Amino acid sequence: KTTTKKKNMSDKKEEVNVKKEEKEESGSLLILESKDKKQFKVKKDHVMMSGLIKDMLDVVEEDENDDEPPKIPLPNVESKPLKKVIDYCEYHHANKAQQIEKPLKGKLEDVISKWDKSFLEIEQALLIELIMAANYLNIKDLLDLTCAKVASMIKGKSTEQIREMFGIENDFTPEEEEKIREENKWCEEA
């Protein structure tokens, strides 16, 4: 009987330890839900570089059940850019992002890491979504990186080339456009 009693106490201790570990693990996780309702389970400390998530977590944690990781809805971010944001945060959680000079004087590739260069090898539409997501989520380093990518894309291009690149329609009359060019002539001289 004593052996059985000790075994039962030992089993209960193990069960308590397992529940404690599960609670600690769930406490270090959270769920990000995209606009298209896809959910991503992530480690809290990996995405805490987002000012929005940090602020929302303070509110959500007060309301949440302790057994489940808190869920943060992100109604302005689709799943595809959100996945890229998570990749960025997971990598740069352990590898501090390099500061990017402003204005960008040389080539972007010369001032960013190989990982960031590879990260930015995406289609233009996703790059724009990523800029909007970084801005909404308040992730300064990611916003700086993606904006620097766009700056490097338009550097040395004419107004017409930039309009074509981004599908921007010119809604100025020729007279209005000439007036604007004259007022901002100093920009083109720099």
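Tutor: A polar contact is a pair of N or O atoms within 3.5 Å; within protein, one must be able to donate a hydrogen and the other to accept it, and residues adjacent in sequence count only if both atoms are side-chain atoms. This is a predicted model: local features need pLDDT of at least 70, side-chain atom pairs count only at pLDDT 80 or more, and totals for chains, interfaces and linings use all residues. Residues are numbered from 1 along each chain as its sequence is written, and side-chain values use heavy atoms, leaving out hydrogens and water.

Student: Which residue's side chain is joined to Asp144 by a polar contact?

Tutor: Asp144 sits in helix 7 (helices are DSSP runs of H or I, at least four residues; strands are runs of E, at least two; numbering starts at the N terminus). Beyond four places in sequence, Asp144 touches Ile100 and Lys102 (heavy atoms within 4.5 Å). The side-chain polar contact, at 3.3 Å, is with Lys102.

Student: Is Asp144 buried or exposed?

Tutor: Buried means under 20% relative accessible area, exposed over 50%, partly exposed in between (1.4 Å probe, protein chains only). Asp144 has 16% relative accessibility, so Asp144 counts as buried.

Student: Which peptide bond is cis?

Tutor: Look at the loop between helix 4 and helix 5, where Pro103 lies. The bond with omega near -5° is the cis one, running from Lys102 to Pro103.

Student: How many helices and strands does the protein have?

Tutor: Follow the chain from its start. The pattern reads α-β-β-α-α-β-α-α-α-α-α-α-α. The count is ten helices and three strands.

Student: Which helix gives the most residues to the largest nonpolar core?

Tutor: That core is a set of buried Ala, Val, Leu, Ile, Met, Phe, Trp, Tyr and Cys residues joined through side-chain atoms within 4.5 Å, and it has 34 residues. Strand 1 (29–33), strand 2 (39–43), helix 3 (51–63), helix 4 (79–94), helix 6 (124–137) and helix 7 (140–154) each give two or more. With six residues, the one that gives the most is helix 6.

Student: Which residues does Leu142 touch?

Tutor: Leu142 is listed with Leu32 and Val85 as having the most contacts inside the core. Leave out residues up to four places away in sequence, and Leu142 touches Val85, Tyr88, Phe119, Leu130 and Ala134.

Student: Which elements do the buried residues of helix 4 pack against?

Tutor: Start with the buried residues themselves. Among them are Leu82, Val85, Ile86, Tyr88 and Cys89, along with the polar Ser79, Lys84 and His92. Their partners are strand 1, strand 2, helix 2 (44–47), helix 5 (114–119), helix 6 and helix 7.

Student: What is the phi of Lys37?

Tutor: Lys37 is in the loop between strand 1 and strand 2. Lys37 is exposed, at 59% relative accessible area. Although Lys37 is not a glycine, its phi is positive, at about 65°.

Student: And what is the phi of Asn138?

Tutor: Asn138 is in the loop between helix 6 and helix 7. At 48% relative accessibility, Asn138 is partly exposed. Asn138 is not a glycine either, yet its phi is positive, at about 60°.

Student: Which element has the lowest mean pLDDT?

Tutor: The protein averages 84 on pLDDT, the predictor's confidence in each residue, from 0 to 100. Over residues 15–26 the pLDDT is below 50. Where pLDDT is low, the predicted coordinates should not be read in detail. With a mean of 50, the lowest is helix 1.
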